[in-house]
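Student: I would like a close look at one part of this model, namely its salt bridges. Please take them pair by pair, and say where the partners sit and how much of each is accessible.

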Amino acid sequence: MNDLADWLKQAWNDHAQQPQQVLDALTARCPDLPDAPEGAQALRLAEHLTLVHRPQPQGAQVLQNLLQTVPPHAQLAPAAAASRWALAILAGTEVPPAADVDRWRALQNVVLALAAQHRHEEASRWLLADRKSTRLNSSHEWISRMPSSA
């Protein structure tokens, strides 16, 4: 396993208790992310930290700035597109296209961010808009226990 993969595993374990420290370390790594699955995973972690663990709209601005530092690698493009999709939803702007699998991953962060902003009806609408979103694997217990009628 490479250094980034090891770091990401630890970062996901630590992110809820130390979100700012993990985000700072991740921000420093972003310009050098590899064209590999680990690079895409790092972008998904950045999206999660900025949209779920930071107050909005500041978190969204941090993510927008971070995306500008990401290298234009092929394996990073889908994760970056999903982050832009999530940012557009939160901003209420035109939603760019994103592949289903990437959109489903981003949907979890969108729903959590909307709920944190007390935009519960909008969170429910997005969650119910795509029935496949119930396949999301959440590190946040409340979303996995959310009733299907939410």
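Tutor: What follows goes through the salt bridges in turn. The model is a predicted one, and a search of the whole structure finds 3 salt bridges.

Helix H6, which spans residues 100-116, is a good place to begin. There Arg-103 forms a salt bridge with Asp-100, with 2.8 Å between the closest N and O atoms. These two residues lie 3 residues apart in helix H6, so that about one helical turn separates Arg-103 from Asp-100. Asp-100 has a relative accessibility of 36% and therefore counts as partly exposed.

Helix H6 also holds the pair Arg-105 and Asp-102, again 3 residues apart, or about one turn of the helix. Their salt bridge has its closest N and O atoms at 3.9 Å, which falls within the 4 Å cut-off used for a salt bridge. As for accessibility, Arg-105 counts as partly exposed because its relative value is 39%, whereas Asp-102, at 10%, counts as buried.

The remaining pair is Glu-122 and Arg-119, whose side chains meet in a salt bridge with an N to O distance of 2.9 Å. Glu-122 has a relative accessible area of 19% and is therefore buried, given that buried means under 20%. Arg-119, by contrast, has a relative accessible area of 23%, so this residue is partly exposed.

Note on methods
Residues numbered from 1 in each chain as written. Predicted model: local features only at pLDDT ≥ 70, side-chain atom pairs only at ≥ 80, totals over all residues. Heavy atoms only, no water. Helix = DSSP H or I, 4+ residues; strand = E, 2+ residues; numbered from the N terminus. Buried < 20%, exposed > 50% of the residue type's maximum accessible area, 1.4 Å probe, protein only.
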